[in-house]
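Work through the exercises below with the sequence and the model open beside you, and try each task before reading its solution.

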Amino acid sequence: MGLSLKIKENIIWSFLSVLFYKIVLDLSYYFVISNIWRYDKFELHINNLKLIESYSLLIIVFAMMPKSSKKLSDVVIWLLILLSYIPMLTLFAFKDESRIYMYAVTGFWVLIFLLLHMPRISISSLKKTQSKIISYVIFFALAIIVIILIYKYCGISINFNLLKVYDIRSRYVALKIPFAGYVFTWVAYILNPMLFIIFLIRRKWISLTLIIFLQILLFSVIGMKAFLFAIPFVLFLAWIANRGNPLFLMASGFSGIVSLGMISYWLIDDMWISSLFTRRTLLVPAQLSFFYYDFFSKNVHTFLSHHQIFRVFLNYPYHLSPPHLIADVYFNQPQMGANNGIYGDAYMNFGFIGLVLWAILLIIILKLIDSITKNKDIRITVSAIALPVISLTNSALLTCLLTHGLLLSLILLYLLPKERNKII
């Protein structure tokens, strides 16, 4: 009886935290985002009916989604709901966006929740010796390749100045370092965060310091701000994953960052937090998702013809790639890459049926994640999967699997031993 009351109490607190997150995000859009970035298509066109609908849809999705963190897929779903679905609800109401598309994306999640009840995928484990050898080869090979490429093309230098990131990024792109788009991202998003948590658990302070140095070096060379915040973010997720009510803590943490952005803007006229987290991380992908729907609801779908793999036997119907096409149409900047996440990618390729197909693909990935992470330390597994999963909010599904390392993350999770806290 006591356990049941505790579970119900946790669910209530989780709901209140998710609801508060939505309210804070709405307030931030109304008072900050629409005022500062109105020129960047963040206009204010409040539709009161859609505002009510947005909260109704949130209640439906919360009622159906998993509430405990018994499986890693639960944490993955929470991340995607908080970082991609709820920001879309905000724009749906405050920009008067498409009702049919918002309901279709809601249907995407309803289908996910229904398919979660399907039987678990069973995958046999490798022998411990085999998994250790393969893990060592992958870890050391990637680390050595990254260091060699940095030394050969960029030189060893450290930068902490966030104002220089665009200049650094321009120089990095101009260098055209072979395979860097893959291996640098894999190391920064998967290898380093995962090893950081492993070494932290095992109190290997020298190894921990080396990982931090390599992460800062990658940021200094590429200029990607996400690299700088990757390890603190997975540290936060690893910490809350072991707590009693991780969904409450996760939603509360995001609410705190959005609130801090508003407060810093009001008190000291500082827009940095609101720009980096509220606008860029949460609302820009949501905005682009509606833009993708708007364009491809009026024009022919791509049917995967824009991917290099399929271009051999499919004709791509546009003169620019999808990210540059959308940037050209909606921002008049064809040189900009307006990448979008799983919803826009699904609709762009196959329309509303694409949302069904992509939901099935995502549920297969979630089932694989649960199978290969069963009885493994959730602090480590969440550190390996978090950033590749988050890339689903602003990149195509196939791109996430390869370029952003979701496939590599699955391989590394499969290789982890099952004994808690005992790593290679």
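**Exercise 1. Two neighbouring helices**

How close do the axes of helix H13 (residues 342–350) and helix H14 (residues 352–372) come, and at what angle do they cross?

*Solution.* Before starting, note that this is a predicted model, in which local features need pLDDT of at least 70, side-chain atom pairs count only at pLDDT 80 or more, and totals for chains, interfaces and linings use all residues. Residues are numbered from 1 along each chain as its sequence is written, and side-chain values use heavy atoms, with hydrogens and water left out.

Step 1: find the helices, which are DSSP runs (H or I, at least four residues) numbered from the N terminus, just as strands are E runs of at least two. Step 2: take the axes, which are lines fitted to C-alpha atoms, for helices over the stretch in contact, with angles that run from 0 to 180 degrees between N-to-C directions. The axes of H13 and H14 come within 7 Å and cross at roughly 130°.

Step 3: classify the angle, given that under 35 degrees counts as roughly parallel, over 145 as roughly antiparallel, 65 to 115 as roughly perpendicular and the rest as oblique. H13 and H14 are therefore oblique to each other. Step 4: give the hand of the crossing, which is left-handed if the near helix is turned anticlockwise from the far one by less than a right angle, and right-handed if clockwise; for H13 and H14 it is right-handed.

Step 5: look for contacts, meaning heavy atoms within 4.5 Å. On the H13 side, the residues that meet H14 include Ile342, Tyr343 and Phe350, and among their partners in H14 are Phe352, Leu355 and Trp358. Sorted by class, this contact has eleven nonpolar, two polar and one charged residues. Here Ala, Val, Leu, Ile, Met, Phe, Trp, Tyr, Cys and Pro count as nonpolar, Asp, Glu, Lys and Arg as charged, and the others, Gly among them, as polar.

**Exercise 2. The surroundings of H13**

Decide how far H13 is enclosed, and name what covers it.

*Solution.* Step 1: apply the cut-offs, by which buried means under 20% relative accessible area, exposed over 50%, and partly exposed in between (1.4 Å probe, protein chains only). Step 2: eight of the nine residues of H13 are buried, so H13 is largely enclosed by the rest of the structure. Among these buried residues are Gly344, Asp345 and Met348. Step 3: the cover over them includes H3, H4, H11, helix H12 (322–331), H14 and helix H16 (397–402). Step 4: look just past the helix, where H13 is followed by Gly351, whose phi is positive, near 70°.

**Exercise 3. The length and packing of H4**

Compare the reach of helix H4 (residues 99–115) with its expected span, and find its packing partners.

*Solution.* Step 1: the expected span of a helix is 1.5 Å times one less than its number of residues. Step 2: H4 has 17 residues and reaches 24 Å from its first C-alpha to its last, which is close to the 24 Å expected. Step 3: its buried residues, including Tyr101, Trp109 and Phe113, pack against helix H2 (48–64), helix H3 (72–94), helix H11 (272–296), H13 and H14.

**Exercise 4. Residues inside and outside**

Is each of Ser14, Leu235, Arg203 and Asp269 buried, partly exposed or exposed?

*Solution.* Step 1: Ser14 lies in helix H1 (residues 2–36) and is buried, with a relative accessible area of 2%. Leaving aside neighbours within four places in sequence, Ser14 is in contact with Phe62, Asn245, Leu247 and Phe248.

Step 2: Leu235, which is placed in helix H9, is partly exposed at a relative accessible area of 35%. Its C-alpha atom is separated by 7.5 Å from that of Ser383, although the two residues are 148 residues apart along the chain.

Step 3: Arg203, in the loop between helix H7 (180–202) and helix H8 (205–222), counts as exposed at 58% relative accessibility. Its phi is near 60°, a positive value in a residue other than glycine.

Step 4: Asp269, in the loop between H10 and H11, is exposed, with a relative accessible area of 57%, and has a positive phi of about 60° although it is not a glycine.
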